[in-house]
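Biologist: Could you take me through one strand in detail, and then show me what else turns up around the model? I'd like it in plain words.

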Amino acid sequence: MQVRHALAILALFLLSLISCGEPGESRVPTPEATDEPPRVAVLSPAIADVMRDIGMGELLVARHSFDQFSDPSLPIVGDQTGLDYEALIRVNPTHVILERSATGMPPELERLARERSWSLVEIPMLTLDDILWCDNALITHLYPGLMTEFFDESAAYLIIPFEHVARHFGTTMLVLGVDPIGALGPDSHHAQALRRMGIEVVPSTGASYQSLSLEDVIAFQPDTIIVLRPDMDAKADAPLREVDIEEFATLNALTDTRLLICEQPKCLLPSMAVVKFANAVLLDAPIGSQE
């Protein structure tokens, strides 16, 4: 009951951290509510990160194979393509949470969930709105009825347009690497975040990840390139760092382009870390910028 009381207080604080959208889909009926807190196996590093952000980290009892950020003492139970069912049975969760995928829920996991009364939850994490809605979906499934009527559109205001930011950055390209050049397309959550801030992002069509030649990049004529290069030793809210574009042989022909690097450790994680990325972008463009 203490956990429920704490979450009721937390719910008021989270009004600024929730987005509009559809909650995750539960594939197995949720067990009857008890006074015991949920025991949650999360097969997604991003969703586990959101749980910690909203104060639910103590509910985690198992983690994804590639989760670098959860407590390393938590048992690893695999991922959606290769689950360790024996490890999952040992931790005996009340809930198993996965990212929604085109492959669907593993049949063996569904069988075990029915047999052991686990609640299976799939939460989409592909778009910016999916990510900003995730904390609402988690509360909805782990603590049904807990003030969810208040969690409507508040997170939509976490990332909003700013004219001075659009002027400061101009046409912007997001890249994951420069040798070869890998650009993020319009459907990536990073590009969606920049567009929501009013920034023009290129490429504006095509896949979420695109391999480009130098000639392709020159044709887009970006005013700014932001390289997403996580550094595990950097601060969670590290500012963007400007570097001389001539340091990168693959880009040194872009003499009029500004090059910034985002080194936040979680900058590639589709979680609330995207808000820290957006804040770093905002802070790079001081109010009153006339660029």
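Modeller: Here's a walk along one strand, followed by a few other spots. Bear in mind that this is a predicted model.

Let's start with strand β7, residues 119-123. How many of its five residues are buried? Five of the five are, so the strand counts as mostly covered, with buried meaning under 20% relative accessible area. The side chains split two ways: Ser119, Val121 and Ile123 point one way from β7, while Leu120 and Glu122 point the other way. Both sets are buried, Glu122 included. As for a neighbour, strand β6 (residues 95-99) runs parallel to β7, and five bridges join the two. One of the residues to look at there is Leu98, whose bridge partner in β7 is Glu122.

Away from that strand, try Met56, in the loop between α2 (45-53) and β3 (60-62). Met56 counts as buried because its relative accessibility is 1%, and the cut-off is under 20%. Met56 and Ile139 are 83 residues apart in sequence, yet their C-alpha atoms are 9.3 Å apart in space.

On the surface, there's a nonpolar patch made by Leu176, Tyr209 and Leu268, with about 260 Å² of accessible area together. Leu176 belongs to strand β8 (residues 172-178) and is partly exposed, at a relative accessible area of 33%.

And the rings? A search of the whole structure finds zero aromatic pairs. Phe69 does have a charge over its ring, though: the charged end of Lys266 sits there, 5.2 Å from the ring centre.

Technical notes: Residues are numbered from 1 along each chain as its sequence is written. This is a predicted model: local features need pLDDT of at least 70, side-chain atom pairs count only at pLDDT 80 or more; totals for chains, interfaces and linings use all residues. Side-chain values use heavy atoms; hydrogens and water are left out. Patches are made of residues with over 30% relative accessible area and no salt bridge: like charges are joined within 9 Å, nonpolar side chains (Val, Leu, Ile, Met, Phe, Trp, Tyr) within 5 Å. Accessible areas come from the Shrake-Rupley method with a 1.4 Å probe; for residues, only the protein chains shown count as cover. A salt bridge is a side-chain nitrogen of Lys or Arg within 4 Å of a carboxyl oxygen of Asp or Glu. Helices (H or I, at least four residues) and strands (E, at least two) are DSSP runs, numbered from the N terminus. Buried means under 20% relative accessible area, exposed over 50%, partly exposed in between (1.4 Å probe, protein chains only). Rings of Phe, Tyr and Trp (its six-membered ring) pair if their centres lie within 6.5 Å; planes under 30 degrees apart count as stacked, over 60 as edge-to-face and the rest as tilted. A charge sits over a ring if NZ of Lys or CZ of Arg is within 6 Å of the ring centre and within 35 degrees of the ring normal. Two strands pair if DSSP finds at least two bridges between them.
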